[in-house]
Amino acid sequence: MSEQTLSDTAVEPAVEVKENSSYTAKPLTLMWWRFKKHKLALWSLGVIILLYLVAAFAGFLAPYDPFKHNRLHPFVPPQSIHLFSEDGTFQGPFVYGLKRQRDPETARLSFEEDTSKINRIRFFVEGDKYKFWGLVPTKLRLFGVEGRRNRIYILGTDKLGRDLFSRLVYGARVTLSVGLIGVFFSFVIGITLGSLAGLIGGTIDTVIQRMAELVRSIPTIPLWLGLAAALPVNWDPILVYLLITVILALIGWTNLARVVRGHFMTIRNQDFVLAARLSGASKTRIVTRHMLPSMTSYVIAAISLAIPEMILGETALSFLGLGLRPPVISWGVLLQDAQNLRSIALAPWLLIPGVAIVVTILAFNFLGDGLRDAADPYQK
Amino acid sequence: MAGYIAHRLLWSIPTLIVITIATFVIIQLPPGDYVTAYIAELVETGEVIDAETAAHIRHEFGLDRPMYEQFLTWIGGILLHGDFGLSLDWKLPVSELIWDRIGLTLLISMLSLLMTWAIAIPIGVYSATRQYSFLDHLFTVLGFLGRGIPDFLLALVLMWMGFLYFNFHVGGLFSPAYENAPWSFAKFGDLLSHLWVPVLVLSTGGAAGLLRIMRANMLEELGKPYVETAYAQGLSERQVVWRYPVRVALNPFISTVGWALPALISGDVITAVVLNLPTTGPLLLRSLQNQDMYLAGGFILILSVFTIIGTLLSDILLVLTDPRIRHS
């Protein structure tokens with residue numbers, strides 16, 4: 001490589017220009033260039049944006065009201081979408097009607113495709129009423145099937161005949177926002193304590209370090225369980241939701257604090273901080289205008305790695321029945337239905353929320369990895 | 001060195017004190033107490049208890065005394081007599097209920113830790129020495145999957161697979177025949193045949209994370225001049241790799257033992273609930289729901305103490321194995 005540059009510099013001005021642009025590019029541009037190289041992280045960013053869009057437009061995307069029971073359709077397996085009917089003629093996207101059967105021995109209901117009935121999928125249909133972003137009452141849903149009594153269950157239904165796809169889409173709102181809000185709280189705690197420890201040092205540093213160590217040395221799940229059990233059952237779900245995020249944050253701040261503290265320690269004695277101090281900038285100004293911005297990228301990377309932890313925490317707590325409780329819909333709450341072998345054996349599609357969780361966590365992890373690599377664009 | 005260990009030991013004392021107080025406060029946090037929960041349970045089954053009886057039960061359990069007094073009695077009992085109090089729910093001494101379960105939890109956690117290493121180290125070394133090979137890519141994908149799947153979900157899926165394809169009931173630690181039998185070789189064998197599921201579930205997550213670390217460390221070490229020198233001396237690849245860079249790359253393993261332990265114990269709690277294991281999980285969950293505070297407190301306390309000991313050991317080990325760390 002070095003031999004090449006030696007001989008090539010004189011004859012290839014094009015390379016020169018590119019090199020120049022990388023000298024003058026702003027840090028943010030450099031980071032973006034580095035980040036773009038991490039293909040997996042780029043894709044994950046796309047997936048995450050998509051997930052949050054789904055959460056934001058839950059009402060529009062879900063074909064049915066997530067709370068609406070349907071006595072006639074318990075445990076309907078996921079329906080597959082067809083394009084051609086039995087005789088091979090093109091019908092456009094459709095699902096077959098449902099045929100109810102009762103096992104004569106076990107008296108258990110089961111459903112089969114009724115190939116004689118074709119329910120075409122229609123887009124932008126009128127469905128159950130909902131309020132778009134809690135403001136505009138509307139009936140517009142992205143898709144549905146024709147016929148007032150027909151239903152489409154692309155992910156099946158649960159024991160009360162509620163559409164799993166609609167519930168999954170609505171659950172995304174809670175699960176994905178728990179991550180964000182929890183991280184926000186732990187970010188506030190972590191960055192305050194971390195910067196105090198890194199900046200002042202001495203006794204305060206020791207005390208904060210010990211505190212972090214203490215929190216880390218208690219096994220998280222028993223601690224979560226203990227704190228979550230303290231929330232009364234009859235409280236307002238919204239309040240419980242907020243408190244759960246606070247609990248997650250109270251335990252999750254240590255990692256962020258460690259990152260912030262470590263970084264403060266390294267940049268405390270760097271030239272630009274010294275320069276700011278010599279030109280008479282106040283301590284607050286140095287911290288808020290010079291030091292904190294210089295570590296934004298690290299903090300963002302740490303945050304994107306902390307979000308999946310929070311999501312996992314919420315899911316685990318709700319799964320055990322100590323976190324969010326029905327009627328709140330979150331992915332953890334949905335998984336409660338799949339808690340024992342009998343229900344999984346009967347209705348394996350109840351595990352689908354688990355797939356959504358895994359995809360989300362993986363996407364955040366990849367994104368975090370990519371951001372961490374891109375965090376310091378001046379590093380080789 | 002001795003000074004460092006003594007220093008660390010001394011520091012763990014205030015940590016322990018804070019943990020005991022925190023534990024007690026946490027279990028006192030829920031509004032009401034065990035008696036309220038107990039009465040609520042009775043009311044559900046149709047029985048009614050008047051205020052007088054409730055007060056009587058409360059007095060019997062000492063629940064009517066001020067909190068600090070309850071705390072002092074509790075902690076005094078533990079320190080002086082090793083007495084963890086009475087489980088209100090089971091009407092049995094706490095120590096009778098928990099030691100068996102904590103033993104099993106520790107056994108599973110330890111085995112999982114070993115398993116984590118047994119998976120992560122060889123694969124990490126292989127991936128680093130054969131970077132970008134087919135198997136390296138495969139392990140990378142598997143590693144990321146392992147990191148993304150929550151323990152309890154993996155347990156659920158394994159349970160389902162076991163049922164679907166092998167008609168084998170994954171769950172519990174003993175077959176029904178041995179459940180209440182006294183300890184024997186046969187029972188031990190039975191335990192082993194059930195143990196692999198929780199151990200596998202618990203070790204995948206950690207192994208996936210450590211595998212990446214091991215690979216990254218190895219890649220860094222392999223590029224260093226001393227490795228070149230070793231090759232130049234005519235040593236075989238096996239000798240070079242396992243004697244030098246692996247030893248350096250192992251440091252993070254030792255330094256994370258302390259964190260791995262709480263993670264494994266946490267993981268065990270939730271996995272145990274899914275797999276219905278007779279470890280701490282299900283009992284802790286129930287005791288928290290019933291506000292059986294001495295039982296819950298005993299669990300959280302002992303698990304935390306083991307974690308602190310684990311962290312301490314890993315810190316000491318790290319200083320012993322890595323001469324670059326100064327312990328002034």
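Let's start where the two chains meet. The contact takes 31 residues from chain A and 38 residues from chain B. Keep in mind that this is a predicted model.

Which elements of chain A give two or more residues to the side that touches chain B? They are α7 (202–217), α8 (220–229), α12 (296–320), α14 (341–346) and α15 (352–374) of chain A. Of these, α8(A) gives the most, with seven residues. As for character, the side of chain A that touches chain B has 24 nonpolar residues, six polar and one charged.

Stay with α8(A). Its partner here is helix α14 of chain B, residues 280–289. A word on how such pairs are described. Two packed helices are characterised by the angle between their axes and the distance between the axes. For α8(A) and α14(B), the angle is about 20 degrees and the axes are 9 Å apart. Are they roughly parallel or roughly antiparallel? Angles under 35 degrees count as roughly parallel, so α8(A) and α14(B) are roughly parallel to each other. The crossing of α8(A) past α14(B) is right-handed.

Who makes that contact? From α8(A), it is A:Pro222, A:Leu225, A:Gly226 and A:Ala229. From α14(B), it is B:Leu284, B:Leu285, B:Leu288 and B:Gln289. That divides into six nonpolar residues, two polar and no charged.

Now a quick look at chain B as a whole. Chain B has 328 residues, and 36% of them count as buried. Its secondary structure comes to 15 helices and two strands. The C-alpha atoms fill a box of roughly 85 × 55 × 35 Å along the principal axes. Take the contacts in chain B with a separation of 6 or more: residues 24 or more positions apart account for 72% of them.

Back to chain A, and a helix pair inside it. Helix α9, residues 237–267, packs against α12(A). The angle is about 155 degrees, and the axes are 10 Å apart. Angles over 145 degrees count as roughly antiparallel, and α9(A) and α12(A) are therefore roughly antiparallel to each other. The crossing of α9(A) past α12(A) is right-handed.

On the α9(A) side, the contact includes A:Ile244, A:Leu248, A:Gly252 and A:Asn255. It continues with A:Leu256, A:Val259, A:Val260 and A:His263. On the α12(A) side, look for residues including A:Tyr298, A:Ala302, A:Glu309, A:Met310 and A:Leu317. The residues of this contact divide into eleven nonpolar, four polar and two charged.

Next, the sheet. Chain A has an open sheet of four strands, in the order β1-β2-β3-β4, with antiparallel pairing. Which strands stand at the edges? β1 and β4 (136–145) do, each with a single partner strand, so one side of each is left without a neighbour in the sheet. Neighbouring strands are turned by 50 degrees against each other on average, ignoring direction.

Let's walk across it. β1(A) pairs with β2, residues 90–102, over two bridges in the antiparallel sense. There, A:His82 stands opposite A:Phe94 in β2(A).

Next step: β2(A) pairs with β3, residues 109–132, again in the antiparallel sense, over nine bridges. A:Leu98 faces A:Glu113 in β3(A) as its opposite number. β2(A) and β3(A) form a hairpin with six residues between them. In the turn, A:Ala107 has a positive phi of about 60 degrees.

Last step: β3(A) and β4(A) are antiparallel and share eight bridges. Here A:Phe123 has A:Phe143 in β4(A) as its bridge partner. This hairpin has three residues between the strands, and A:Trp133 takes a positive phi near 50 degrees.

One residue to finish: A:Tyr64. Where is A:Tyr64 found? It is in the loop between α5 (58–61) and β1 (82–84) of chain A. Why does A:Tyr64 count as buried? Because it has 21 C-beta neighbours inside 10 Å, and the cut-off for buried is 20 or more.

What does A:Tyr64 touch, leaving aside neighbours within four places in sequence? A:Tyr64 is in contact with A:Gly127, A:Asp128, A:Asp163 and A:Ser166. Then there is A:Tyr153. It lies 89 residues from A:Tyr64 in sequence, yet their C-alpha atoms are 9.5 Å apart in space.

Note on methods:
Residues are numbered from 1 along each chain as its sequence is written. Chains are lettered from A and ligands numbered from 1 in the order in which they are written. This is a predicted model: local features need pLDDT of at least 70, side-chain atom pairs count only at pLDDT 80 or more; totals for chains, interfaces and linings use all residues. A residue is buried if 20 or more other C-beta atoms lie within 10 Å of its own, exposed if 12 or fewer, and partly exposed in between; C-beta atoms are placed from the backbone. Two residues are in contact if their C-beta atoms, placed from the backbone, lie within 7 Å. Two strands pair if DSSP finds at least two bridges between them. Axes are lines fitted to C-alpha atoms, for helices over the stretch in contact, and angles run from 0 to 180 degrees between N-to-C directions. Ala, Val, Leu, Ile, Met, Phe, Trp, Tyr, Cys and Pro count as nonpolar, Asp, Glu, Lys and Arg as charged, and the others, Gly among them, as polar. Angles under 35 degrees count as roughly parallel, over 145 as roughly antiparallel, 65 to 115 as roughly perpendicular and the rest as oblique. A crossing is left-handed if the near helix is turned anticlockwise from the far one by less than a right angle, and right-handed if clockwise.
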